[in-house]
Amino acid sequence: MTTGTEEQGIWLTQEAHDRLKAELDQLVAGRPAMAAEINARREEGDLKENGGYHAAKEEQGKQEGRIRQLTDLLRKARVGEPPTTATTAELGTVITIRFQGDDETEKFLLGSREIAGTTDLTVYSPESALGAAILGSAPGTTVTYQAPNGRDITVDVVAVEPFVP
């Protein structure tokens, strides 16, 4: 059984990959304009009291952070179609669970949060507490995981099916 993104990579649909690559390209292309904005604000005078300069530097920091995040994500990404069959909870599968003590079921996609823009399903990453707990589980399995608030939560895996974008 494989677990975690280190062994499986980050699975993305081609559509999600293309959308993220376009965002990265746009951010990289905007670097010269951002540098020009910072230089223009620097020319305005005293940097201690120059709100425009500090705002531009802060925006540049946010953009550079997103560029690093996207570069890393795309480098690790496994792009392709979701699995066509599913017997266990793996990346690219739709999982139906039932929280113990609840009659309702919840259905979600196990994959990268970056896919969320391409589906109406809730997306849980395999790094999330729930995602890590159910990774590799078959229908009929009961797992308990610790939520971020410290509570132990028990869920039953009801069904596993391939993701249909």
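This is a short walk through one protein chain, from its overall build down to a few single residues.

Okay, hi everyone. Before we start, keep in mind that what you see on the screen is a predicted model.

Let's begin with the parts list. The protein chain has five helices and seven strands. If you follow the chain from the N terminus, the order goes α-β-α-α-α-β-β-β-β-α-β-β.

Now, the overall shape. How does the radius of gyration of the protein chain sit against that of a compact globule of 165 residues? The globule would come out near 15 Å, but our chain has 21 Å. You can also think of a box: along the principal axes, the C-alpha atoms fill roughly 65 × 35 × 25 Å.

What about inside and outside? Of the 165 residues, 38% count as buried. The chain exposes about 9500 Å², and carbon and sulfur atoms supply 48% of that. As for charge, there are 17 positive and 27 negative side chains, and the centres of those two sets lie 6 Å apart.

Here's one on contacts. Take the ones between residues at least 6 apart in sequence: 57% of them join residues at least 24 apart.

Okay, let's zoom in. The structure holds one aromatic pair. Phe108 and Tyr124 make up that pair, and they meet edge-to-face, with 4.6 Å from centre to centre and 75° between the planes. Why does this pair tie together separate parts of the chain? Well, Phe108 sits in strand 4, residues 105–110, while Tyr124 sits in strand 5, residues 122–124, so the pair links parts that are 16 residues apart in sequence. Both Phe108 and Tyr124 are buried, by the way.

Next stop, Thr96, which you'll find in strand 3, residues 93–99. Is Thr96 buried or exposed? Its relative accessible area is 8%, so Thr96 counts as buried, given that the cut-off is under 20%. And who is around it? Setting aside neighbours within four places in sequence, Thr96 is in contact with several residues, among them Thr105, Glu106 and Lys107, and also Asp156, Val157 and Val158.

Last one: Val164. This residue comes in the segment after strand 7, which covers 152–162. Val164 has a relative accessible area of 70%, so we call it exposed, since the bar for that is over 50%. Now look where Val164 ends up: Val164 and Thr93 are 71 residues apart in sequence, and their C-alpha atoms are 8.8 Å apart in space.

That's my tour, thanks for listening!

Note on methods
Residues numbered from 1 in each chain as written. Predicted model: local features only at pLDDT ≥ 70, side-chain atom pairs only at ≥ 80, totals over all residues. Heavy atoms only, no water. Helix = DSSP H or I, 4+ residues; strand = E, 2+ residues; numbered from the N terminus. Rg over C-alpha atoms; globule rule 2.2 N^0.38 Å. Buried < 20%, exposed > 50% of the residue type's maximum accessible area, 1.4 Å probe, protein only. Contact = heavy atoms within 4.5 Å. Areas by Shrake-Rupley, 256 points an atom, 1.4 Å probe, with all protein chains shown as cover. Lys, Arg positive; Asp, Glu negative; His and termini not counted. Charge placed at Lys NZ, Arg CZ, Asp CG, Glu CD. Phe/Tyr/Trp six-rings, centres within 6.5 Å; stacked < 30°, edge-to-face > 60°.
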